[in-house]
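Q: Could you take me through the contacts in this model, starting with the domains?

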Amino acid sequence: MQKLGEHALNIAAQLGADYADLRIIEQERQTIVTKGQVVSELDSGTSLGIGIRVLVKGGWGFASTQQLSRSAIEAAVKRAFTVAKASACCVNPAIGLAPEPVYDATWVSPHLVDPFSVSLEEKIGILLEAAKIMNAVKGVTLTTGFMSFIRDEKLFMSSSGSRIKQTFIRSGCGIEAYAANADDQQRRSYPKSNGQHELAGWELILRLDLKKEAQRVAEEAVALLSADICPRTAATVVLEPSQLGLQVHESMGHPAELDRALGQEINFAGASFLTPDKLNKLQYGAGIVNLVADATTPGAIGSFAFDDEGVQAQNVHLVKDGTFTGYLSSRDTASLIGLERSGGMMRAESCHFAPIIRMTNISLLPGDAGSLEDIIADTEDGIYMATNYSWSIDQLRYNFQFSTEIGWEIKNGKRKRMLKNCSYGGITPQFWNSCDAIGGRQDYMLSGEPNCGKGQPMQTMWTGHGAPPARFRNVNVGIAHKG
Amino acid sequence: MLTEAKARQIIDTALTHAQGKCSGCEVTLESSDIATSRFANNSMTQNQAPERTSIAVRVLKNGRQARLTSDDLAPKSITRLLDEALAASQILAKDPGLLPLLSGHKKTAAQPNRLDRKTASLSAEARADAVAEIIKIASSRGLSAAGVVASGSEYTAIGNSKGLFVSHRQSHAQCSVTMRAGDATGWSKAHHIRFADLDCAGLAERAADKAAANVNPVEIKPGRYTVILEPSAVLDLLAYIFADFGATSQIDKLSCFQDKLGKKVLGSNINIVDDVHHPFQAGIPFDGEGLPRQSVSLVKNGVFTDMVYGRRAAAKLKRKSTGHGLAEPNSSGEMPMNLIVGGGDVSLEEMIASSKKAILLTRVWYVRNVDPLSKIVTGMTRDGTFLVEDGAVKSAVKNLRFNQSLIEMLNSVVALGPSLRTAGEEGFPAVVPPMKVENFNFASTTTF
């Protein structure tokens with residue numbers, strides 16, 4: 001493969017490209033979906049291709065092909081060069097790149113058991129066992145389950161001289177139970193909505209033990225049908241880690257993307273209220289709030305050794321002691337605002353997309369408020385909300401609204417009645433400034449989200465979000481539903 | 001881009017290898033070479049020209065099926081993929097709902113010609129010229145432009161061991177523009193078969209007009225208002241109800257129209273049809289198994305008249321498939337993909353002129369389901385939200401969050417405009433009208 005890459009870079013140089021990089025990616029994937037007691041989807045497959053990006057007179061061009069003959073690669077490089085030349089007619093200012101050292105490296109994501117070495121029978125068996133337990137619960141109307149596994153072998157090469165081989169093993173799984181009657185429909189998920197996804201092997205599936213949680217998930221779905229509705233009021237809210245992880249994703253991860261902050265994504269994904277004039281000035285959250293973009297977290301789905309433009313993985317503070325201090329950046333956006341170096345956040349969905357700035361693992365650092373039960377014990381009156389159901393935020397990332405699958409009333413430090421149709425909303429900086437308790441490591445969870453959409457054409461990406469449970473004061477709750 | 005001759009050759013390779021090994025084999029090929037030029041801040045930011053073809057093979061054997069995918073089209077790789085699918089299928093339990101493959105059928109309707117060769121082969125320079133024109137308009141008005149200009153084509157072919165072969169090639173032209181005047185933005189978008197139909201300059205002017213009108217927004221109190229929804233806003237809201245017209249959503253008890261077939265569920269002025277052959281439509285005229293898509297009346301004068309059916313759900317409910325099935329096997333069953341929402345004769349201008357007080361919405365954003373049965377969705381207004389008073393647009397307003405039942409909304413439509421081919425960002429392009437709706441529920445406001 002490296003010889004083909006050298007061939008592509010040589011052609012780019014012959015054509016007169018000022019810079020070129022490429023990714024050759026070989027992917028193996030498997031997805032199993034169950035619905036009720038049957039396997040409703042079974043898909044496994046492979047792909048192989050090359051994506052090449054060239055910079056010509058300050059304009060980017062990108063092309064890809066899955067044909068790895070020398071002639072097909074030559075045609076793809078020429079196509080990339082042609083579109084870059086066309087771009088150069090409309091660039092102002094010309095694109096520049098923040099400096100980055102040259103690397104010659106090999107990296108394999110940490111995993112214990114290759115998930116592709118485990119038999120399909122064993123995988124299906126686990127899902128159907130969990131389904132059987134859920135389906136036996138009276139009142140359950142539909143159950144689903146899934147497992148997904150991906151192996152990416154990625155070779156990055158650049159005209160600067162970097163040669164980087166990375167192997168990614170991603171695994172994920174989850175189950176859902178639905179209960180419905182004529183007036184209502186409720187859902188419970190485990191381990192979180194959309195399942196859990198990690199940079200890990202088969203050991204993740206064994207650790208999550210779907211069968212063990214199946215009964216509880218199904219019973220909670222049925223119980224929700226007769227639960228009280230979340231009241232509409234201003235309340236103290238305690239958020240479960242996976243829900244808080246998505247809150248971090250939407251209200252910190254996306255607004256800290258420098259391409260958005262510079263207006264480059266405004267036509268679709270949106271812009272950001274975190275404009276460069278606010279860097280190191282804005283009180284984004286309370287003093288106990290610390291948020292990082294850490295691509296070096298072992299096992300987290302957004303980790304890597306090098307991003308898709310060959311920048312080494314980093315841990316960047318986005319919010320330090322409540323103050324907005326950093327961006328997710330790329331070599332070209334870093335250059336635009338005078339950063340010394342890219343934060344290393346460029347990734348592409350596959351070899352058929354040019355990389356764009358993506359979240360790595362955007363995480364809320366643990367605080368000193370102890371476990372979830374410690375926070376609840378310390379809360380006189382509030383609502384504990386768990387597992388995301390619905391999420392929405394405005395295009396500058398101020399006004400957000402989330403719904404959760406389930407909630408519980410908190411009274412005098414104790415978890416009381418179950419609540420359904422829980423929702424909360426607010427304005428991002430006000431919300432994060434109302435945070436007065438952040439849990440410790442005890443209940444910290446590194447959530448993996450498999451479906452973050454951004455770019456045109458839209459690319460989906462894996463992003464990680466670490467969070468402990470945390471408490472927020474005076475939050476508008478019960479706003480999404482009637483009642 | 002895959003040619004039909006090459007597609008037939010690849011399919012034949014797989015079917016020949018499958019002979020005698022299984023009771024049925026289906027091959028699906030999908031190919032795309034859509035190129036996208038992106039710009040922002042009056043400058044080109046990205047320019048992509050990918051080419052991609054994928055193959056999926058589905059095998060049926062001993063009452064079981066499996067489907068595997070690849071993008072390696074070499075004969076040796078295709079036969080290996082097929083062998084792996086055969087092995088995988090035998091690990092699964094018997095599928096009691098499994099149907100035999102479709103036989104080759106005669107064409108039941110004239111196939112739409114949706115290929116414009118000029119658009120399919122449009123050069124990067126031509127897209128750059130369109131971008132330059134948009135930037136020129138922005139600069140001349142002191143604005144900043146962002147957006148995309150895209151062109152190319154897509155091809156789909158399905159062949160199976162019972163003699164079926166269907167294929168469809170379609171060109172793709174898309175332009176969307178956001179104009180920015182300080183914090184104020186305006187947006188417009190179009191998606192057509194022919195690049196010549198896009199009118200990129202017209203879209204730029206429209207977005208610029210919106211941005212110019214969107215300055216100095218006033219804050220209004222959340223609450224229930226009459227709204228005037230431009231077609232893109234209508235499309236991106238209704239994108240969240242279309243799946244509820246699938247038969248499988250009824251079987252799974254997930255539809256907001258559960259057990260309401262034949263009953264009046266929406267206002268008498270609401271008519272919804274799925275029709276791939278409509279002159280304003282685009283898309284593939286057959287479903288995931290190669291069955292021709294039929295025109296289906298989903299709502300007539302507010303009555304839930306019919307659903308779309310894939311073959312599996314149709315067999316379960318003792319109906320005939322309408323040709324809307326997704327590729328087998330799948331969990332969701334079917335989907336209407338070519339919606340036509342019936343319009344009226346009240347223009348957008350007349351809706352504004354006849355309003356004492358209303359909110360005019362250019363588009364909505366980040367729409368998500370909140371309550372599946374009452375079909376409450378949430379989302380934000382974006383890129384041009386205006387207060388209408390005494391028959392005229394009075395000012396821009398700060399964007400608002402809505403929590404709105406789509407069922408209630410479609411029971412509160414008081415005026416409909418002409419239906420147009422419309423592009424949004426939440427679902428497929430469709431043919432929808434502008435609407436004037438009473439009692440639309442805004443829950444909160446934002447800062448801009």
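Q: What area is buried between domain 1 and domain 2 of chain B, and what share do carbon and sulfur atoms give?
A: About 2,700 Å² is buried between domain 1 of chain B and domain 2 of chain B, and carbon and sulfur atoms give 54% of that area. Buried area here is the accessible area (1.4 Å probe) that two parts lose on being put together, summed over both. This is a predicted model, in which local features need pLDDT of at least 70 and side-chain atom pairs count only at pLDDT 80 or more, while totals for chains, interfaces and linings use all residues. Residues are numbered from 1 along each chain as its sequence is written, chains are lettered from A and ligands numbered from 1 in the order in which they are written, and side-chain values use heavy atoms, with hydrogens and water left out.

Q: Which residues of domain 1 of chain B lose the most area to domain 2 of chain B?
A: They are Leu102(B), Arg114(B) and Trp187(B), which together account for 24% of what the domain 1 side buries.

Q: Where do the domains of chain B begin and end?
A: Domain 1 of chain B covers 4-206 and domain 2 of chain B covers 216-448; such bounds come from an automatic or database domain assignment. Taken over C-alpha atoms, the centres of the two domains of chain B are separated by 25 Å. The contact (heavy atoms within 4.5 Å) takes 34 residues from domain 1 of chain B and 32 residues from domain 2 of chain B.

Q: How many salt bridges are there between those two domains?
A: The count between domain 1 of chain B and domain 2 of chain B is 4 salt bridges, each being a side-chain nitrogen of Lys or Arg within 4 Å of a carboxyl oxygen of Asp or Glu. Glu425(B) and Lys189(B) form a salt bridge through their side chains, at 3.3 Å from N to O.

Q: And how many residue pairs are in polar contact there?
A: Between domain 1 of chain B and domain 2 of chain B there are 15 residue pairs in polar contact, both residues at pLDDT 80 or more. A polar contact is a pair of N or O atoms within 3.5 Å; within protein, one must be able to donate a hydrogen and the other to accept it, and residues adjacent in sequence count only if both atoms are side-chain atoms.

Q: Which elements give two or more residues to the domain 1 side in chain B?
A: Strands S5 (64-70), S6 (144-160), S7 (165-181) and S8 (184-192) of chain B do. Helices (H or I, at least four residues) and strands (E, at least two) are DSSP runs, numbered from the N terminus. S8(B) provides the largest share of that side, 7 residues.

Q: Changing topic, how many residues are in contact between chain A and chain B?
A: 82 residues of chain A are in contact with 73 residues of chain B. The area buried between the two chains is about 6,300 Å², with carbon and sulfur atoms giving 50%.

Q: What polar links cross that interface?
A: The interface of chain A and chain B has 46 residue pairs in polar contact (both at pLDDT 80 or more). It also has 3 salt bridges. The side chains of Lys35(A) and Asp252(B) form a salt bridge, 2.7 Å from N to O. Strand S2 (residues 38-56) of chain A gives the largest share of the chain A side, 10 residues.

Q: In what sense do S2(A) and S5(B) pair, parallel or antiparallel?
A: S2(A) and S5(B) pair in the parallel sense over 2 bridges; strands pair if DSSP finds at least two bridges between them. Gly45(A) stands opposite Thr69(B) in S5(B).

Q: Finally, what about the two domains of chain A?
A: Chain A is divided into domain 1 (2-226) and domain 2 (229-477), with 21 Å between their centres, taken over C-alpha atoms. Contact involves 49 residues of domain 1 of chain A and 49 residues of domain 2 of chain A, and these domains bury about 4,000 Å² between them, 53% of it on carbon and sulfur atoms.

Q: How many salt bridges join them?
A: There are 7 salt bridges between domain 1 of chain A and domain 2 of chain A. Glu100(A) forms a salt bridge with Arg341(A), with the closest N and O atoms 2.9 Å apart.
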